Every structure is written in C-alpha cells, then in structure tokens.
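Visitor: Could you take me to one spot in this protein for a close look, and then lead me on from there? I'm in my first year, so please explain the terms as you go.

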Amino acid sequence: MLLAQEGPAAPPREDAKELDAIVVSYRASLNKALDMKRAEVGQVDVIVAEDIGKFPDLNLAESLQRIPGVAITRDAGEGRNISVRGLGPQFTRIRINGMEALATGGGTDSSGGANRGRGFDFNVFASDLFNSITVRKTSSAEVDEGSLGATVDLRTARPFDYDGFTAVASGQASYGDLSGDVNPRTAALFSNTWGDGRFGALLSIAQSERDLVEEGHSTVRWSPSTANGNFAASSPFSEARGASVFHPRLPRYGVIEHSQERLGATLALQWQVSDDTLLNLDVLHAKFDATRSENFLQAQSFSRAGNGKPQSIVREGAVDGRGNLVYGVFDNVDLRSESRYDELTTRFNQYNLELGHAFTDTFRIDAMYGTSSSRFRNPIQTTITLDRANSNGYSWDYRGNDRLPAITPGFDVNDPASWGWLNTAPASQGSEIRLRPQTADNDFETLRFDLTWDVDYTWSLRGGMSWKDYDFTTTELRRASETAVPALPAGTSLASLTRSISFAGLNANTPSTWLIPDVDAFANLFDIYCRCGTFALSTDPARGNNGTVSEESLGSYLQADFNTELLGRNFSGGFGVRHVKTDQSSTGIGLVANVPTLITVDRSYNDTLPSMNLSWELSDELLLRFGAAKVMSRPGLGSLSPGVNISVSGSARTISGQNPLLNPFRAKTYDLGLEWYFAEESLLSLALFYKDIDSFVQTTRQTGLFGENPFGIPDSLRPTTTSPQDSWEFTFPVNTPGGPLKGYEISFQKPFSGLPGLLSNTGIQLNHTHVESTIDYLTATGALAARQNLTGLSKNAYNATLYYEDERFGARVSVSNRDDYLTTVPGRDGNDVEGTKGTTTVDMSASFKLNEQVEFTLEGLNLTNEWNDQWVDATGDRVNVYHQTGRVYILGVRVKF
C-alpha cells in the first residue's frame, strides 16, 4: 500500500523505521523528503532532519515556511505561528507523534499578546528535538477532523531510526547585532538498542538562551480628528480639526528588551515484543521562560477625551493628500514615559503510548493513548508610567519618513524634574500602575484505535474510533482602578525611581535616550504585589479573559484504500467517511441584571465528513493527484465564553461580547496536483486548490460612545475613569456565509549534477503560492461592512534556496517572501482595514566537516534586517508598528561519537 501508516505497523521493525538510513546532508534530506512525498496518495510535503539532531532551521516555523503554501508570523524576530494556503493558525491542526497538541505562550501586543486561541506557538520548541515534519494538505477519513488549512505532523526521533549506539552533541554561540549579546545554544542526543535490536532507548536534550532588542516607532492606530472631542477649537491650524483628517493616537518610540531561555527533552522507548508486536513510548518536555521589558516615550492626549485631546492646541500643521496630519506642533499635550515588565513561562508535557500488533499477515491493529498539557503563566505583567501634563512645544513630523518620524517632546526627557508622579491629576492625565497576571492552559487526552484488513493485493479496509477530551482554561486579574496610585513618600524623588534607556538613533531629530520608570524600585516602594488594599486584584475588570471551554469528541471512520492499474499505469487511492460528535461546555462571567455572574452554556453538534484521494502514475515520471473532502474547524476559543466584557486598558476602551453557540467553520475542498519527477532528486509540480467555505466565524466591529453599545449595557456601568465622550470599540463574533478560497502552488527542485566543476555540487529549491479569497464582512446588525480579502491571507508568497554541497563543505542561502496581508476587517477608529506589509527575509548557513565526527557550522538570520511594518487604512497607509530586531549570527560545532 502507498498510504503511510499512522502509528506503528507490524511486522514492525522495518515498517516503523521511517528513516531507513541516517540522512547526513541537506541535499540528502531533500531527496528523502521527495521520496516520502511521492509515496503518499494525498498532497503532502515533508521536511527531514539533515543529520542526527540537526534540523534545517533553528526554528520549526522557519523550516515550515520553505514548504509551498506555508507562511509565518514572527514574535521577537523568530517564527511563532503558521498559515497554510491563506488560512491562519487557528485553521491548522498540529500533531506531535500522532497526537493532537496545542502549545501557547505570550508575545508583545503587536504580535498577538497572550495566545488564547487554537493557533500553535512553534517558538516554544527547539527544532533539534524533531526528526521530520509532514504537512498534509488534503484530508482523509483516517485523520482526525479540525483543520481547514492543513494537518501538520511533528515527529521526534526514536531509537529504531538508527543502528545501534548513536550519540551526537552540538554547541553554538549566537550574536545579535542590535543587543550586542552573545548567547549559548547546546543540544545532545543519545540512542542505543539492545537484545538483538529488539529494545531501544533514545534521549535528546536541547537548551538555548536568547537576548534580543526590538525597537522602532508605533502609534496604536490613527484616529479621525473628530474622535474623542476633537482638538481645541482655539487651534490656529484649524485644518487639523477636519472630519476627514486622521492623526496618530499614541505617537511613540519604543525599546523592547527580550530575554529567553528554552529547554526541551525527549525520551523514546521502543520494544519489539515479537515479530508481530511493537510498543512505542514517547515523552516530550518543553520549557520556555522569558522576561520582556517594553519601554515607550509617547504622547497620551490624542487618544483621550476630556482633559486629553480637547485641550490640545494645534499651532502648526500639514495634511497630506491622504488625509494624514503628517506634521504638527502642539501645546497642552500630556506626555508619558511608560515601562512594562513581563515574566512569562510555558511548560509543555506530552506522553503517548502506541501499540502495533499484527493478528495475521493481513489483519492488524494500531492503538494509541496519550495526554498533553500546555501551561502558560504570566504571573508578572506590570506597567508603570511617569507623566507630564499640558506640555507645550510638542511636535511630530512624518514628511521626511512616514515610518520613522521626527518627534520632538519639547522638554528634557532625561531630567527627572521634567516628569511627574501624578497621583492627584484627573484620571485621563494621571500616572498608572497596571497589574495583570494571567494564565492559559490547554489539555488533551486522546484514545484511538485503528483496524486494517488487507483484503487482497488490490483492496485494504480501515476503520477505527477516537475519543478526545480537550480542556481550555484562562484567567486574568486586574486592579479595580489602574489610575488610583499612592503619593510618593516624603523625601522620595523620581531620581531614585527611574533609569535611562536608549535605542539606535532611528531619527536624528528624536531623542534616543530618555528616563523610564524603574519597575523594581516602584514595586519595592509601594509593595505592589501584595494583592492588598489599592493593589488588590479581581476578575471584575477583565471578565472576558476568565473562562473555560471543554470539548469532548467521539469520532469514527471507515476507509477503503486500493492499489491497482488504470490504462496500464499504477492507480491508487482511498475514500471514506468520518463522523464526529462534539460536546461543548463553555463557562464565563456574564452580566445578569447588571451583576457579574458565572454562566455555563452546553451544546453538541455533529459532522459527517466524506473524503477521497486518488493518485495515478501517468508515466514513470508523471504523477496526477486528486482530492475532495468536507472539512470542519472548531470556533476560536476566545469567542466561546458566555458574557460581555468591559475593558479599559490605557487609552483603549473596548466592550467585547462572546458567543458560545457559534457553529464551526465548515468547507468543501477540492485539490488537483501534477508532479513531474523529471530526473533523479528532481521535481516540477503544480497544485490547484479550491475551498468553498460554507460557514465562517468573524468578529464584527463598530465604534461609538459607551451609550451606543449594541449590548444594551446601561451608562451606569461605564467605568468612572472614562469620559462620556470617549470612543469605544464594540466587538462580537457571529457566523457568516464565508466564501470561496482558491489558488495554486508551483514547486521546482533540482541538483545541478550535470554542470561542470564545482557547479555540479549546487542545487536549487523554488516554490511560489498564489491564493485568492474575498468574503463579506458584516456589522453587528448583519449589514455589509466591507468586502475584502480573508484576514491573514497573502496573495503571493515564494521561497528560494540555492545550495552548494561537497564531501566536506556545504552552504546555502534562502529567501522567503510573502505579500501584504490584512489583520483586522473592518478596521478600528474609522480606518477601513488594518494589515501588515509583506516581508522578504534572507538567511544563510554553512558547514565544514573536519572529519566524520566533527563539523563546524555558521548561520546568519535576517541578513537584510527586515522590519515589521504594520499599518492601518488601505488608502491612508498609516503606520501602526514599525520595528526592527536586527541580524543574528551563529557559530557552532557538532560532534558525533
């Protein structure tokens, strides 16, 4: 049979040994992956480790982006999430050693913040722990439901992958050109077999440290001048008050300091009980610890009503042809130095036991039981501000550079006497202490068995059942009022409570050094972590981030596979049907008679999912594939908690509703592929795909005053720290019809063995993906708000790798590109959409083998220092975030024993 087996097969030793021989080079890994792709019936792409414990990239997401149709998003300069064929992280299921898992962490606000969704955070894991990645782009009945984009299988190493005793260790030192720090990275793998190869054990460990600086300009979106009460009517530059004029809400420069430690370990035991029975035990542990300090010098006035923008006078200004207030000189501006400190940790553990047993030569069972848990903790998330009210002479100027403007505060930002601890000022101008500890837990328990009967040389029947229990729990605590701060004790000055921070001179007319609050000094002075008095914490100010979602699913399937001939050529495939029932229970804090109340909503839904995959060898080199299926993906976790949440976070005011009765995403998919294996180790392929998304979930957005909220919340519940003229954002998830998604992938891979001299050691890998999908975005009332691309979808993406490899030396350069993509539709604050500019990243690696045991390596990441460019409004192209993380260089050595 051409279909790959899930779990161990019997007779097991050879069948379970997915990697027949140790792959020892990049070119060999490409060839092995090509063989595995060709042997599959469905549309599959594979990445194989180059050598023992050596994956092609240091980050799993970075490796995945080399696959056609896969694009990534980054946090702190490294890959965090993936999208497949235009569908975001929540539409892709991740399985580790055959079992679904979900690992989550916390990022900066601009990169998604704490992950309370279904998207997998790949940066939790070291790539050294994994042996192969398989991306399954077509569905089959035997594979668990839950994906609209793809199912990604991550596989750790097992002892039967290698012959006898195997050991390898590596050490690396990495240097970041922005931080100037040198960090260590180590990994080791030990494997052996005993009893004539019938029992094996493998242990691998990977550890790394990473210090990174991120810096640049941000605005937290742009607002129309008429929002939040408009500029002062006495402004000499009256054009700034126009209804069609937009300005930055929080113009600022910032420095973000990341410090990360990553530890991972795997244990694999394999026992060939008999010629017919194999047992596998896989254990995976990952620990990702981080601290992050985010520091900003910003203007507060322009995002607030009351004592904010209505008091700000525009003395001079300029408005460009897109309606942007690109230059302004202002009086009566409230300025702020803000410092936020986070401590974050993720603990991931997975245990799974597999049994493969052949009752006869034609009848066998594969069974698996496993558990996985991801524990994200953010026990310290503390923000402290220094403020200066009604300052004169503040200015910004985007005319010379619309991404890195010249910002002049109008006073000495390095003098403690210029700043104030405003504990008695009005709420819109006062200093703040924010405490927001939070958690997110994801737990899976899975039991599955599959029966296979080889009826004859042509037909094979499969059937099985799977039970899965998934639990998600999230919490967040906040202070009752983040603007209620105590006075400084007598004799205490800000000089003892501040420190200086600097960034590279991004704009010569902007201060590159300024004073920031010393979070530790304030914490010691006020005992802010006592959770007592004014620093008491509760769920009331963050009700929407407290809740649970439980899903118990029972699935069963039948599938018929065949391998025969059609017109004298090999013709194979499989067709079947999967049925799954999902019991869902959601608990959250809602308002009942205006009183916060714990609410639980239970529901069930069923899905019947037919599928078919066909593969026909038109010639010895040409392969035609076709796939069709009905698929489903469960709604986002953040949308399923009952209740409505009122949130005030700095200048942001939001009221968000959830909907536990949302239906899943559902679609019909069709795939057609043509693969030409025109030479050894070579491929030219074209894949066409079409997804008819019948049921979609989108978040409706609208902006207005508190009293205009669509949830019926009375004005009496408006937080007292806000103004009646403040602009609020209202969000609510709803089911909508969705729409079609279509596109194509083109891949080319070839070693240039026929070229003369050193060129015969070169080769190339190319792919291009094009995706189109336009859907209707609706308002809370069901009216059409916008017709735009699917969020997260880049219309075009390409990857190119050029490599050289001989017996001792190897080198390669890789380029990855993706187009602009939308992140929020409709946009907020009067902007039509929000999005991220396309990126082009360039990486390189080189290695030199001193002998069979010792190899030296050199890698360079983000060689062009690609910036993270987020924007609002398709026409206005207004900067939202423009940050850099710099280049990274890594020097290392690997030793095999």
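Guide: Let's start with Asn865, which counts as buried because its relative accessibility is 10% (buried is under 20% relative accessible area, exposed over 50% and partly exposed in between, with a 1.4 Å probe and protein chains only). Asn865 sits in the loop between β46 (854-861) and β47 (868-872); strands here are DSSP runs of E with at least two residues, helices are runs of H or I with at least four, and both are numbered from the N terminus. Its phi is positive, about 50°, although Asn865 is not a glycine.

Before we walk on, a word about the model: it is predicted, so local features need pLDDT of at least 70 and side-chain atom pairs count only at pLDDT 80 or more, while totals for chains, interfaces and linings use all residues. Residues are numbered from 1 along each chain as its sequence is written, and side-chain values use heavy atoms, with hydrogens and water left out.

Now compare another asparagine. Asn390 also has a positive phi, near 55°, in a residue other than glycine. Asn390 lies in strand β18 (residues 363-391) and is partly exposed, because its relative accessible area is 34%. For one more backbone feature, look at the peptide bond from Val825 to Pro826: it is cis, with omega near -10°. Pro826 is in the loop between β43 (821-824) and β44 (834-836).

Next, follow strand β10 (residues 199-218). Of its 20 residues, 14 are buried, so β10 is largely enclosed by the rest of the structure. Strand β9 (residues 182-194) pairs with β10 in the antiparallel sense over ten bridges; two strands pair if DSSP finds at least two bridges between them. One of the partnerships links Thr193 to Gly200 in β10. The hairpin of β9 and β10 has four residues between the strands, and there Gly195 takes a positive phi near 60°.

β10 also pairs with β13, again antiparallel, over 20 bridges. Here Gly200 has Gln270 in β13 as its bridge partner. Strand β48 (residues 878-884) is joined to β10 by four bridges, and these two run antiparallel as well. In β48, Gln884 is the bridge partner of Glu215.

Let's stay with β13 (residues 252-274), the strand that holds Gly254. Gly254 counts as buried because its relative accessibility is 2%. Leaving out residues up to four places away in sequence, Gly254 touches Glu214, Glu215, Gly216, Asn295, Phe296 and Trp514 (contact means heavy atoms within 4.5 Å). The C-alpha atoms of Gly254 and Glu294 are 7.1 Å apart, although 40 residues separate them along the chain.

Strand β14 (residues 277-299) holds Gln298, which is buried at a relative accessible area of 2%. The side chains of Gln298 and Glu338 are joined by a polar contact of 3.4 Å; such a contact is a pair of N or O atoms within 3.5 Å where, within protein, one must be able to donate a hydrogen and the other to accept it, and residues adjacent in sequence count only if both atoms are side-chain atoms. Besides Glu338, the residues in contact with Gln298 include Leu250, Pro251, Arg252 and Leu335.

There is also an open sheet of five strands, in the order β1-β6-β7-β4-β5, with mixed pairing. β1 (44-48) and β5 (99-100) stand at the edges with a single partner strand each, so one side of each has no neighbour in the sheet. Strand β4 (residues 92-96) and β5 run antiparallel and are joined by two bridges. In β5, Glu100 is the bridge partner of Arg95. In a regular strand, the side chains alternate between the two faces of the sheet.

To finish, come and see Trp453. Trp453 belongs to strand β22 and is partly exposed, at a relative accessible area of 41%.
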